[in-house]
Amino acid sequence: MSGGDNVNKLVNLFEGEGAVCDEFGCAIPGAEDGQGALAEKASRRAILPGATIGVLGGGQLGRMLAHAGNRLGYRFVTLDPTPDSPCGQTAAQIVAAYDDREAARELAQRSDVITYEFENVDAGVAEMLERESYVPQGSKLLYTTQHRLREKQAVEAAGAQVAPYAEIESLAGLQEAAARLGLPAVLKTATGGYDGKGQWVLRSEDELATAWGEASRAGTQLVLEKFIVFDKEISVIAARSPSGEVKTFPPAENIHVHNILHLSIVPARISDKVRAEAEKLAVSIAETLGAVGLIAVEMFLTADGELYVNELAPRPHNSGHYTMEACRTSQFEQHVRAICDLPLGDPSLLTPVVMANILGEHMEPLLEWMGEKDAAAEKLGVEVKVHLYGKAEAKHKRKMGHLNVLALNVDAALEWIAQSKIWRV
Ligand code: AIR
């Protein structure tokens, strides 16, 4: 099926003269003033079920996106170099490298709308897809979030604070910045790092030269960030549609082990004031950056109640997996709704939950547990929902799946996790 054949599925919602409501009954912002309505008419198109969503990347985020979108009646095609990728098991797959322009062109031809499920998308490919297909998320947000310095400037422009930082171009520059910002500090590559990769924590001056030696070989710009002594790490995922509708999911309290997310606890154990402030910052960032689709905002919360934005991700996020059973709408359904310009779903929390990641080393004990009757779960009144990503190789530290532990309160869920043998390895 070609994109051309599907043009009739791209429905301009505002064909009727003088319409002030779309076909879902939503008020159109600025509809009372003729100019606003006309501008909306020109820019807005909803993509309805039956259409094909192309996903650049075939990992777990694409897989869960396809599951949610399939349920709404969308078809999926993914581009990924690994045959039978997690997303390819549930969607059509083009097997090719992410920077293969011909394959990206084929993805464009087979899709009505394109999204990406990781942010290190080749800039040339993103630009080409935008030219030849419909990429509502746009390449501008990717351009911003692919680079720590650009990202920090954008966050500051949205009225949120980031840890004091400096761009580093030489060892002398690193020494000067370390003296000015103070140690401990974290040296980070401006591009390409994730799950603790491309980061060096500097505690004393003797560590600077070695870290510079290693980091400067990464071949990208470097940033030094003051180490924020935080009380908690939290994240808020916001969704924004092309029409400008914005909704946020409840903040998650995140616990990392060896720089990889281990748990997301929801409701986060924070005050109502911090909760409201964190949600407000996420909305402001989504709006200022003109995000379309999901944008995850990771933040540090200090003991005196200050919030610092650490990182943005313009896609579904690991810390939003809890939404799959615990919210009225999951982050994956919300992303589909947002990029297709459907009205956003209700993100309210239905139950306390703790999401726990399953890494390669946890697979064996997990599979063992799955075959047994779980007396602890019964006793604690928790319901454990298993999500596995279908990855062929269970490498050490590789994200293989996650559990959503639904409970009457987060303490019961945490107690079940503490008693479980799954994470003892
Ligand atoms: N991902 C992307 N950015 C952060 C994460 N966690 C997901 C995407 C990507 C997959 O991780 O779904 O495709 C890659 O996982 P792996 O284990 O193959 O490296």
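Start by selecting Gly182 in this predicted model. Just after helix H7, Gly182 takes a positive phi of about 90°.

**Stop 1: back along H7**

Now step back and select H7 itself, residues 171-181. Which of its residues are buried? Colour Leu174, Ala177 and Ala178 and you have them. Look down the axis of H7: these buried residues fall within an arc of 100°, so they line one face of the helix. The spacing fits a general rule: an α-helix has 3.6 residues a turn, so residues three or four places apart point the same way. Spin to the face turned away from the buried side, and you'll find the exposed residues Ala172, Ala179 and Arg180.

What covers the buried residues of H7? Show strands S7 (165-168), S8 (185-189), S9 (199-202) and S10 (222-226), plus helix H8 (207-216); the cover includes these five elements.

**Stop 2: the sheet by H7**

Keep those four strands on screen and hide the rest. They form an open sheet in the order S7-S10-S8-S9, with antiparallel pairing. S7 and S9 are the edge strands, each pairing on one side only. Ignoring direction, neighbouring strands here are turned by 20° against each other on average.

Zoom in on S7 and S10: four bridges join this antiparallel pair. For a landmark, pick Glu167, which stands opposite Val223 in S10.

**Stop 3: the big core**

Next, select Ile285, Ile295, Val297, Val353 and Val405. Within the largest nonpolar core, which has 89 residues, these are the ones with the most contacts. Colour domain 2 (52-135) and domain 4 (232-419) separately: both give residues to this core, so it lies between them.

Centre on Val405 and leave aside residues up to four places away in sequence. Val405 then touches Val353, Val354, Ala356, Val382, Val384, Ala413, Trp416 and Ile417. There is also a second, separate core of 15 residues, and Ile168, Ala185, Val223 and Leu224 are among them. Val223 is the residue you met opposite Glu167.

**Stop 4: a hairpin**

Select strands S15 (residues 293-301) and S16 (residues 307-313). They run antiparallel, joined by six bridges. Together S15 and S16 make a hairpin with five residues between them, and in the turn Gly305 has a positive phi of about 85°. Pick Met299 and look across to S16: its bridge partner there is Val309.

Is S16 enclosed or open? Five of its seven residues are buried, so S16 is largely enclosed by the rest of the structure.

**Stop 5: Gly381**

Now go to Gly381, in the loop between helix H13 (375-380) and strand S18 (383-388). Is Gly381 buried or partly exposed? With 13 C-beta neighbours inside 10 Å, Gly381 counts as partly exposed, because a residue needs 20 or more to be buried.

Try a distance from here: Leu406 is 25 residues from Gly381 in sequence, and their C-alpha atoms are 8.7 Å apart. Leaving out residues up to four places away in sequence, Gly381 touches Ala407, Leu408 and Ala412.

**Last stop: zoom out**

Show everything again. The protein has 14 helices and 19 strands. Of its 425 residues, 43% count as buried. How much of the contact map is long-range? Among contacts between residues at least 6 apart in sequence, 65% join residues at least 24 apart.

Definitions and conventions. Residues numbered from 1 in each chain as written. Predicted model: local features only at pLDDT ≥ 70, side-chain atom pairs only at ≥ 80, totals over all residues. Buried ≥ 20, exposed ≤ 12 C-beta atoms within 10 Å, placed from the backbone. Helix = DSSP H or I, 4+ residues; strand = E, 2+ residues; numbered from the N terminus. Arc of directions from axis to C-beta. Contact = placed C-beta atoms within 7 Å. Core = buried A, V, L, I, M, F, W, Y, C linked by C-beta atoms within 7 Å. Domains from an automatic or database assignment. Pairing = 2+ DSSP bridges. Axes fitted to C-alpha atoms, helices over the stretch in contact; angles between N-to-C directions.
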